[in-house]
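Biologist: Could you teach me how to read the inside of a model? I would like the general idea and then the case at hand.

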Amino acid sequence: MGVVNVTPDSFSDGGRWFDPADAVRHGLELVEQGADIVDVGGESTRPGAARVSLEEELARVEPVIRGLSRQGVTVSVDTMRAEVARVAVGAGASLVNDVSGGLADPDMPRVVAASGVRYVVMHWRGHSHTMDSRAVYGDVVAEVREELTKRVASVMAEGVAESQIVLDPGLGFSKNPEHNWALLARMDELAQLGYPLLIGASRKRFLGRLLAGPDGTPRPFSGSDDATLAVTALVARAGAWCVRVHDVRPNADAVRVAAAVQGARA
Ligand code: PMM
């Protein structure tokens, strides 16, 4: 999954694809580089980010989703809003990527259920301005598992089918670096829930912290693409269904390597 953030302020690629025509062009480039899905988002989820209005979010994503879908691209919409998901599916999106797992907008599960598209339920504990203060766990993997299980039960009670659901531990969302590493190390325990897993590590702060210089200054996100690639290789080998990344070509190659290694076991 390649990322197109149609925002002026996203953590890692904010402002670069803010014009719809540029965003569509970038999405097509990502497909050319090996993306199976292009994830289009109009609201930044970086820590501390302010929310955008519904109208603004729709104006950002709708033309890009329509433009990419028209060209045969499999499009995902990265949104917490049911109305944006509804319009996006109408414009051709075939996956709803909800970083709140249905918590931010109570109408989301019903809209997803009615649309029949795949639904990424990410582990989430609150909006950007509060999420860092909620990074408190005893056993992060057990708690993320438990909270995701509750979300699954809740969205299924609203009509979402089991076959629509993809789970995501939400790296960096109410998680500090040690939480993210534990979730990656014990991904098998998340896989035991029985749903496909999506992992979004690309250019996140915990990679920059790991790669900090001798004085402790975190490596800027632009220098963490090789570390992203290492995560991709590891999680693809461990059975992840999808990785959400900004720099598609090397990550698509890593996924193919992991598939070849897995295939050679048979
Ligand atoms: N991370 C971001 C945005 N959307 N969606 C899913 N499913 N999983 C993630 O980890 C995720 C996401 C934030 O990343 P960006 O602002 O750098 O694109």
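Modeller: We will go through the cores, one helix and one serine. This is a predicted model, where local features need pLDDT of at least 70, side-chain atom pairs count only at pLDDT 80 or more, and totals for chains, interfaces and linings use all residues. Residues are numbered from 1 along each chain as its sequence is written, and side-chain values use heavy atoms, with hydrogens and water left out.

Biologist: Which residues have the most contacts inside the largest nonpolar core?

Modeller: A nonpolar core joins buried Ala, Val, Leu, Ile, Met, Phe, Trp, Tyr and Cys residues through side-chain atoms within 4.5 Å. Buried means under 20% relative accessible area, exposed over 50%, with a 1.4 Å probe and protein chains only. Here the largest core holds 60 residues, and V40 and I65 have the most contacts inside it. Helix α6 (residues 140-157) gives the most to this core, with six residues; helices are DSSP runs of H or I, at least four residues, numbered from the N terminus. Another core, of seven residues, lies apart and includes M1 and C242.

Biologist: How do I read a helix such as α7, and which of its residues are buried?

Modeller: An α-helix has 3.6 residues a turn, so residues three or four places apart point the same way. In α7, H179, N180, L183 and L184 are buried. They share one side of α7 because their arc around the axis is only 135°, taken from the directions from the helix axis to the C-beta atoms. E178 and A185, on the other side, are exposed.

Biologist: Is S174 buried or exposed?

Modeller: S174 is buried, at 0% relative accessible area. Its side chain reaches the backbone oxygen of M131 at 2.8 Å.

Terms used
Helix = DSSP H or I, 4+ residues; strand = E, 2+ residues; numbered from the N terminus. Polar contact = N/O pair within 3.5 Å; in protein donor to acceptor, adjacent residues only side chain to side chain.
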